[in-house]
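Hi everyone, thanks for making time today. I'd like to walk you through one model, so let me put it on the screen.

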Amino acid sequence: MTRLIGQRAIASLLSLFGLMVLVFFLSRLTGDPAVLFLPIDATEQMKQEFRALHGLDLPIIEQFWRYLLDLLQLDFGDSLRKARPALQVVLEAYAWTLPLALITMAIVVVAAIVLGSLAAFRVGGFFDRLVSIVSLVGASAPDFWIAIVAIVVFSIGLGWVPTSGVGTPLHWVLPIAVLFIRPFGLVVQVVRGSMLSALSAPYVKTARAKGVKNLPLIFVHTLRNGMLPVITVIGDQAAAMLNGAVIVETIFGFPGVGKLMIDSILQRDFNVVLAAIMVTALAIFLMNILIDIGYSLLDPRIRH
Amino acid sequence: MIIKNVLAGALMATGLVAPAMAQSNTDITVVLSEELDLVEPCMATRSNIGRVIMENISETLTELDVRGDKGLMPRLADSWEDKGDGTWQFKLHPGVKFSDGSDFDAADVKHSFDRVFSDQITCESKRYFADTKLDFNIVDANTIDVTATPAQPILPLLMSLVTIVPSETPIEFVRDPIGTGPFKMTEWTAGQQIVLTRRDDYWGTAPAVTKATYLFRSEPAVRAAMVEAGEADIAPQITEVEATNPKTDFTYPNSETVYLRIDQTVEPMGDLRVRQALNAAIDREAFIGTVLAAGTELAVAMVPPTTLGWNATLTPPAYDLEGAKALLAAAAADGVNVKAPVEVIARTENFPHVTEVGEALVDMLNEAGFNASLRMVEVAEHEQFYSKPYPEGRPAQLVVAQHDNSRGDPVFSMYFKYHSQGTQSGVNDPKVDALIEKASAATGEERAALWSELFAYVQKDIVADALLFHMVGHSRVSERLAFTPTIATNQQLQLSEIGFK
């Protein structure tokens with residue numbers, strides 16, 4: 001296991017470096033930050049001073065070399081627009097994205113496993129129909145539409161929760177609820193399919209013949225065998241959430257990393273873009289390790 | 001922070017925590033469309049920063065009444081006098097204190113300008129001074145002489161654009177702005193909110209508002225919903241779609257002018273008849289109340305009507321499709337390639353329904369006989385087409401642009417848009433250059449008359465561009481407030497102007 005993690009870590013570090021090089025050079029091809037930071041009628045002298053102040057007037061190779069040296073000291077540079085360390089800006093946003101992703105994924109996983117398993121056990125039954133409806137809504141209704149409708153119904157109409165923001169725990173209800181729908185719809189279908197296959201295995205028939213009751217049969221005997229493909233999809237969905245939930249963050253005023261990244265790209269705030277991508281890549285790398293560990297726990301063959 | 005957020009989320013899930021929304025009935029909440037990157041006084045001319053800082057935290061020597069009633073008014077300067085040779089003397093209001101308790105004096109004024117002109121930080125207000133060099137002579141604590149080289153006839157007006165900070169302020173962007181204004185910043189939680197609290201030791205009249213909390217939501221429907229749900233009191237920018245409640249929603253001219261910038265150096269736009277045809281082909285009235293909000297006005301100048309030198313005799317070009325076709329035919333008969341490709345370039349999200357406006361413009365131009373197509377671009381790409389140097393080997397391009405001038409004087413617009421050296425100019429006309437230079441140096445009635453003459457010349461004589469609309473903005477204001485948004489709301493939101501019913 002340790003060896004596996006070590007191999008993954010080395011491969012991921014090489015990928016991170018390659019990603020950093022790629023983003024550094026490609027982002028600088030997309031436009032001049034001075035033009036976007038300064039007003040449209042700024043003089044050429046102001047633009048030149050801005051470039052000189054931020055080292056943007058240097059040859060790109062020299063910019064890269066300086067960036068690399070700073071990076072070795074974990075200095076991602078300052079945000080051009082916010083005039084403070086880019087890494088600090090990104091970590092502040094992550095402090096909101098991470099709990100949002102963790103809580104949402106935890107609810108998604110529990111709900112999808114329970115409802116998906118029950119749906120597979122009684123095909124065409126109540127849980128199967130419920131799962132189909134939620135999956136269909138998740139797959140077909142756009143996030144922004146669900147979010148706006150949720151605000152109109154639950155905030156303005158019923159007054160149960162605030163429209164947006166992060167001031168109190170109640171502010172988290174709508175973002176989590178909206179963010180829940182799409183990954184739940186996907187994961188629950190995978191759970192259902194995987195469990196359908198697992199429930200038809202000969203050992204399940206044997207267990208039934210031996211008088212094992214329904215709930216232990218599903219959640220003790222069968223679930224573990226049906227979880228391998230589910231973990232892959234959960235990892236995929238969690239990675240998407242770690243990238244930030246741009247729509248949900250935008251509508252609910254949630255100060256997460258997704259909106260920060262989009263704004264930084266549009267404003268050509270290179271240091272924040274690079275820091276955000278590196279931190280996100282690191283988070284996804286760590287999550288992949290967790291998935292590998294999960295695989296090996298569920299299937300001992302992988303450990304060997 | 002992460003653990004705190006996880007705990008908060010977990011508490012939410014158990015329903016153990018209820019929102020704490022208690023506030024004084026003279027506290028208000030303002031929901032803005034974009035978060036502030038900086039709360040830096042020398043960036044206060046940037047509209048999203050200005051709405052929080054300008055005349056709330058930081059004040060200026062003079063103040064322009066952009067509604068057009070009172071003109072240039074005293075603020076930190078009680079009076080000013082032209083001493084000749086480019087020197088203006090400003091008498092400062094005595095007894096003013098900054099929010100850190102220090103006294104305001106002439107040295108603070110000098111230091112504020114030193115910061116603006118420093119190459120150690122990039123202050124936005126510097127752009128208004130372009131090639132003008134300022135020298136400061138501190139006569140006494142409450143008197144300062146400012147000499148502009150070359151002489152700057154609107155120096156007192158320019159003083160309304162620079163906020164004053166204490167002499168101790170470092171020459172770098174600050175995160176805790178100190179000013180002489182009626183409010184001080186008491187909290188800034190990045191990404192979430194900014195809180196201003198009323199000062200008890202303010203030198204002027206105490207505002208009715210005791211505390212203002214600024215929140216940031218990019219979705220206009222959410223901003224409007226927040227006022228409706230009682231979570232906010234003012235949403236300065238909502239869209240027409242949300243502005244449906246006559247009790248709370250206001251429509252007002254927002255000082256933005258939309259126009260088509262014509263680059264006259266590329267065929268067929270160099271021909272006057274082609275430019276006249278272009279203007280005649282556009283049915284401006286058809287946009288209003290359809291893709292643009294009711295209340296939008298037809299533009300006859302680059303600046304709004306509250307600007308010095310406004311020429312009331314000008315009228316918008318009449319829609320005349322047959323006339324446009326005839327003009328194009330006449331140009332074609334003289335060998336002008338009127339079928340040369342014309343790109344209409346517009347910026348996504350520049351203003352509501354910009355894509356529909358672009359599509360309609362292209363249809364109207366093609367109906368008249370142009371060979372036009374629409375190209376939607378994002379902000380950085382738009383800038384490459386809008387500002388010099390223009391791309392080499394380009395076809396004829398009509399750039400859909402929006403320009404804001406709520407500064408009261410055309411000098412902030414006309415050089416950039418029409419002078420042959422102007423950054424966004426498509427014009428190269430010696431008379432235009434001469435008029436701009438003469439008007440910029442003139443004062444009083446002569447200045448107004450020269451600007452007025454220039455407005456007429458560029459619109460009627462040389463048809464420099466296709467002026468389209470003076471835009472309107474929409475705001476939602478809680479019924480408990482006594483506040484009516486105006487043209488000033490686009491740049492600043494003075495809390496002292498807000499009362500309670």
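Before I point at anything, a word on naming: when I say helix, I mean a DSSP run of H or I with at least four residues, numbered from the N terminus. And please keep in mind that what you see is a predicted model.

Let's begin with a single residue, A:Val257, which sits in helix 12 of chain A, residues 257–266. Is A:Val257 buried or exposed? A residue is called buried when 20 or more other C-beta atoms lie within 10 Å of its own. A:Val257 has 33 C-beta neighbours inside 10 Å, so it counts as buried. Which residues does A:Val257 touch, if we skip those up to four places away in sequence? They are A:Val90, A:Ala93, A:Tyr94, A:Thr97, A:Gly244, A:Ala276 and A:Thr280. There is also A:Ala95: 162 residues separate it from A:Val257 in sequence, yet their C-alpha atoms are 8.8 Å apart.

Two of those neighbours come back when we turn to the nonpolar cores. The largest core has 204 residues, and the members touching the most others are A:Val90, A:Ala275, A:Ala276 and B:Leu365. Helix 5 of chain A, residues 86–121, gives this core its largest share, 19 residues. There is a second, separate core of 7 residues, with A:Phe37, A:Leu38, A:Met46 and A:Leu80 among them. Over in chain B, B:Leu365 touches B:Leu278, B:Ala281, B:Val342, B:Phe370 and B:Ala372, again leaving out residues up to four places away in sequence.

Now, what does the record say about chain A? An unreviewed UniProt entry annotates several stretches as "transmembrane region", including 212–234 and 240–258. In the model, residues 212–234 are 91% helix and 0% strand, with end C-alpha atoms 29 Å apart. For residues 240–258 the ends lie 10 Å apart, and the span is 63% helix and 0% strand. UniProt, again in an unreviewed entry, also places "domain: ABC transmembrane type-1" at residues 94–291 of chain A. That span is 81% helix and 0% strand, and its end C-alpha atoms are 21 Å apart.

One more stop in chain A is helix 9, residues 202–209. Of its 8 residues the number buried is 0, so helix 9 lies largely in the open. After helix 9 comes A:Gly211, with a positive phi near 90°.

On to chain B, which has 12 helices and 19 strands. Its radius of gyration is 25 Å, close to the 23 Å from the globule rule for 501 residues, so chain B is as compact as a globular protein of that length. Of those 501 residues, 49% count as buried.

Strand 11 of chain B, residues 234–238, is a nice example: 5 of its 5 residues are buried. Strand 11 runs antiparallel to strand 17, residues 465–477, and 3 bridges join the two. In one pairing, B:Ile238 has B:His474 of strand 17 as its bridge partner.

Finally, where do the chains meet? Here 41 residues of chain B are in contact with 47 residues of chain A. On the chain B side, helix 1 supplies the largest share, 7 residues. By class, that side has 23 nonpolar, 8 polar and 10 charged residues.

That's my tour, and I'm happy to go back to any part of it.

Terms used
Residues are numbered from 1 along each chain as its sequence is written. Chains are lettered from A and ligands numbered from 1 in the order in which they are written. This is a predicted model: local features need pLDDT of at least 70, side-chain atom pairs count only at pLDDT 80 or more; totals for chains, interfaces and linings use all residues. The radius of gyration is taken over C-alpha atoms; the globule rule is 2.2 Å times the number of residues to the power 0.38. A residue is buried if 20 or more other C-beta atoms lie within 10 Å of its own, exposed if 12 or fewer, and partly exposed in between; C-beta atoms are placed from the backbone. Two residues are in contact if their C-beta atoms, placed from the backbone, lie within 7 Å. Ala, Val, Leu, Ile, Met, Phe, Trp, Tyr, Cys and Pro count as nonpolar, Asp, Glu, Lys and Arg as charged, and the others, Gly among them, as polar. UniProt positions are given in the numbering used here, feature names are shortened, and annotations may be inferred rather than shown by experiment. Two strands pair if DSSP finds at least two bridges between them. A nonpolar core is a set of buried Ala, Val, Leu, Ile, Met, Phe, Trp, Tyr and Cys residues joined through C-beta atoms within 7 Å.
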